[in-house]
Each structure stands twice: as C-alpha cells, then as structure tokens.
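Grab a coffee and open the viewer. Here are a few short exercises, each with a worked solution.

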Amino acid sequence: MSEIAGPVGLRATTTAVVHESYSFACMSCGHGWEQSYEIAHHTDTEGHECVRYVADGRVVPSPLSRPACQNCDGHVVRIMRAGQVSSVRACAQPRSYAVRPVAAPPPETEPHHWHLSDLLHPFQRRAS
C-alpha cells in the first residue's frame, strides 16, 4: 500500500487501484468520446474511505456524477461501456467500392401527367 497526500494535506493509504474506461455521447450535440480512468480507493487516517479518479495524469471528478460534453459543455450525456464510440466511428469510415457507370433511363417523349384515377387504378375491383 502506498501513502498519498489528501486534499487537506492529511496522509491517506491507497487500498486498491482499478482501471475503467467509458464511452460518452452528448445528447445535445451528438459528440462522442472515450476516456480511461485510474480509480484509486483510499482510506484516510481517520478511517474514511474516498475515491480519486485520474484521467490523463490529472485528478478529475467522477465521470458518473455529472459528465459534461467536451464539445458543447452540455450535461445530457449518455454513458456506455468502453468501445461503443470507436466501434461506431469504424463503421462510419468511408469504404472504397468499385463504381460502375449506370445507364440513364431513356427520356420520355411526352411527359406523363398523373391523374387521381391513375393512382387509384391498382385498388379498383375488376368486374368478373
């Protein structure tokens, strides 16, 4: 177990460190991102338990408490399991397909004017 300085300078002991990753999607602007966290569980000298989230080397609030969009600062954010955003981005990548030229339909000599009876024709009963 290692010791760290707590928020007010008290010494605390690390009891467990886990790594978690989450995918996020903003419901306001549609921005999606993923983030990994090092989650360290601590017990201070008075026996109180606390949790510290570290992302990209800096202490951050819990991503589960009130996430904010990195694009628009909105707080209507959906939290999903890791890999959701990257799998959608992979599907959205343009793919190269062989393109064949398609012959245009021959132009009509006279434009067809549709009438209501033309549209209802398939629904009319046939006389037997």
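**Exercise 1.** How many residues line the largest pocket, and which lie nearest its centre?

*Solution.* Keep in mind that this is a predicted model. Start with the count: 16 residues form the lining. Next, go to the middle, where you'll find Tyr37, Val60, Pro61, Pro63 and Ala68 nearest the centre. Now ask which elements give two or more residues to that lining: β3 (32–44) and β5 (58–60) do. β3 has the largest share, with three residues. As for chemistry, the lining splits into nine nonpolar, four polar and three charged residues. Finally, the volume of this pocket comes to about 300 Å³.

**Exercise 2.** Work out which residues make up the largest nonpolar core, then follow Cys26 outwards.

*Solution.* The core has eleven residues: Tyr22, Phe24, Cys26, Trp33, Tyr37, Ile39, Tyr53, Ala55, Val60, Cys69 and Val77. β2 (11–26), β3 and β4 (49–55) each put in at least two of them. Now take Cys26 and skip its neighbours within four places in sequence: what's left in contact is His31, Trp33, Cys69, Cys72, Val76 and Val77. Tyr37 and Val60 deserve a second look, since you've met both of them among the residues nearest the pocket centre and they turn up again in the core.

**Exercise 3.** Decide whether Ser23 is buried or exposed, and find what its side chain reaches.

*Solution.* First, place Ser23: this residue sits in strand β2. Then check its relative accessibility, which is 0%, so Ser23 counts as buried. Last, trace the side chain of Ser23 to the backbone oxygen of Arg81, at 3.1 Å.

Note on methods: Residues are numbered from 1 along each chain as its sequence is written. This is a predicted model: local features need pLDDT of at least 70, side-chain atom pairs count only at pLDDT 80 or more; totals for chains, interfaces and linings use all residues. Side-chain values use heavy atoms; hydrogens and water are left out. On a 1 Å grid over the protein atoms alone, a cavity is a set of points where a 1.4 Å probe fits but cannot get out, and a pocket is an open set with protein on both sides within 12 Å along at least five of seven lines; lining residues have an atom within 4 Å of a point. Grid points are joined across faces, edges and corners, and a volume is the space filled by probe spheres set on the points. Helices (H or I, at least four residues) and strands (E, at least two) are DSSP runs, numbered from the N terminus. Ala, Val, Leu, Ile, Met, Phe, Trp, Tyr, Cys and Pro count as nonpolar, Asp, Glu, Lys and Arg as charged, and the others, Gly among them, as polar. A nonpolar core is a set of buried Ala, Val, Leu, Ile, Met, Phe, Trp, Tyr and Cys residues joined through side-chain atoms within 4.5 Å. Buried means under 20% relative accessible area, exposed over 50%, partly exposed in between (1.4 Å probe, protein chains only). Contact means heavy atoms within 4.5 Å. A polar contact is a pair of N or O atoms within 3.5 Å; within protein, one must be able to donate a hydrogen and the other to accept it, and residues adjacent in sequence count only if both atoms are side-chain atoms.
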